[in-house]
Amino acid sequence: MIPAIVFISGLISTSQSLDNGLALTPPMGWLSWLRFGCTIDCEKQPTECISESLIKRTADVMASEGYLEAGYQYVTIDDCWLEKKRGPDGLKFGIYEDYGNYTCAGYPGVLGHEAVDVATFAEWEVDYVKLDGCGAPDPDEG
């Protein structure tokens with residue numbers, strides 16, 4: 001019995017974190033891609049398409065059903081948003097971008113436009129940026 005306890009306690013490890021008050025919990029929230037993917041045809045699917053209405057309805061549900069109190073802070077618009085400006089009022093605002101020429105769904109990426117996009121995100125008061133590398137020519141450089 002003693003060797004099993006020693007073995008199991010050897011598997012348990014501790015981790016150190018900075019005591020700076022940042023990221024005390026993982027960033028929790030809603031991400032449009034998980035449910036709606038790249039649904040952008042608002043004529044055929046008016047309540048299911050990526051739109052200002054969808055984002056506002058989602059933010060309202062999160063606020064009214066206790067998600068804020070549970071620690072969910074972000075409403076994140078994922079891929080396929082790039083042709084229109086959209087965003088919720090109230091909750092923290094996250095947005096998607098790709099470090100490359102194109103996003104995973106083929107929309108324009110940030111590569112070569114980093115300064116403009118960062119300035120735009122700052123102007124929009126974006127709180128969280130999801131940056132992936134689907135279109136990156138060399139992901140290691142990104």
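The following exchange concerns the disulfides, the nonpolar core and the salt bridges of a predicted model.

Biologist: How many disulfides does a search of the whole structure find, and what is their pairing in sequence order?

Modeller: A search of the whole structure finds three disulfides. They join C38 to C80, C42 to C49 and C104 to C134. With the bonded cysteines of the chain numbered in sequence order, the pairing is 1-4, 2-3, 5-6.

Biologist: Which parts of the chain does the disulfide of C38 and C80 tie together, and how many residues apart are they in sequence?

Modeller: The sulfur atoms of C38 and C80 are joined at 1.9 Å. C38 belongs to the loop between α2 (32–36) and α3 (52–64), and C80 to the loop between β2 (74–77) and β3 (92–98). The disulfide therefore ties together parts whose separation in sequence is 42 residues.

Biologist: Is C80 buried or exposed?

Modeller: Its partner C38 has a relative accessible area of 31% and is partly exposed. For C80 the relative accessible area is 3%, and buried means under 20%. C80 is therefore buried.

Biologist: Is the disulfide of C42 and C49 left-handed or right-handed?

Modeller: The sulfur atoms of C42 and C49 lie 2.0 Å apart. C42 is partly exposed at a relative accessible area of 31%, whereas C49 is buried at 1%. The torsion about their S-S bond is about 105°, so this disulfide is right-handed.

Biologist: What is the handedness of the link of C38 and C80, and what is that of the link of C104 and C134?

Modeller: For C38 and C80, the angle about the S-S bond is -120°, and the link is left-handed. For C104 and C134, whose sulfur atoms are 1.8 Å apart, the angle about the S-S bond is 70°. The link of C104 and C134 is right-handed.

Biologist: Where do C104 and C134 lie, and how many residues apart are they?

Modeller: C104, partly exposed at 44% relative accessibility, is in the loop between β3 and α4 (114–123). C134 is in the segment after β4 (128–132). The pair links distant parts of the chain, and its separation is 30 residues.

Biologist: Which side chain is joined to that of T103 by a polar contact?

Modeller: T103 has its place in the loop between β3 and α4. The residue is buried, with a relative accessible area of 5%. A polar contact of 2.9 Å joins its side chain to that of D79.

Biologist: Which residues is W30 in contact with, leaving aside its neighbours within four places in sequence?

Modeller: W30 lies in strand β1 (residues 29–31) and is buried, with a relative accessible area of 18%. Its C-alpha is 8.4 Å from that of Q73, although W30 and Q73 are 43 residues apart in sequence. Beyond its neighbours within four places, the contacts of W30 are F36, L54, I55, T58, M62, Y74, V75 and T76.

Biologist: Which element supplies the largest share of the largest nonpolar core?

Modeller: This core has 16 residues, of which W30, V75, I77, W81 and I95 touch the most other members. At least two residues come from each of α3, β2 and β3. The largest share, four residues, is that of α3.

Biologist: How many residues apart in sequence are the parts tied together by the salt bridge of E48 and R35?

Modeller: The side chains of E48 and R35 meet at 2.6 Å, N to O. E48, partly exposed at 27% relative accessibility, is in the loop between α2 and α3, and R35 is in helix α2. The salt bridge therefore ties together parts with a sequence separation of 13 residues.

Biologist: In which helix do K56 and E52 both lie?

Modeller: K56 and E52 form a salt bridge of 2.9 Å, N to O. K56 is partly exposed at 33% relative accessibility, and E52 is likewise partly exposed, at 40%. The two are four residues apart, about one turn of the helix, and that helix is α3.

Biologist: Is D78, which forms a salt bridge with K130, buried or exposed?

Modeller: The closest N and O atoms of D78 and K130 are 3.0 Å apart. D78 is in the loop between β2 and β3 and K130 in strand β4, 52 residues apart. K130 is partly exposed at 27% relative accessibility. D78 has a relative accessible area of 2% and is buried.

Terms used. Residues are numbered from 1 along each chain as its sequence is written. This is a predicted model: local features need pLDDT of at least 70, side-chain atom pairs count only at pLDDT 80 or more; totals for chains, interfaces and linings use all residues. Side-chain values use heavy atoms; hydrogens and water are left out. A disulfide is a pair of cysteine sulfur atoms within 2.5 Å. Buried means under 20% relative accessible area, exposed over 50%, partly exposed in between (1.4 Å probe, protein chains only). A polar contact is a pair of N or O atoms within 3.5 Å; within protein, one must be able to donate a hydrogen and the other to accept it, and residues adjacent in sequence count only if both atoms are side-chain atoms. Contact means heavy atoms within 4.5 Å. A nonpolar core is a set of buried Ala, Val, Leu, Ile, Met, Phe, Trp, Tyr and Cys residues joined through side-chain atoms within 4.5 Å. A salt bridge is a side-chain nitrogen of Lys or Arg within 4 Å of a carboxyl oxygen of Asp or Glu.
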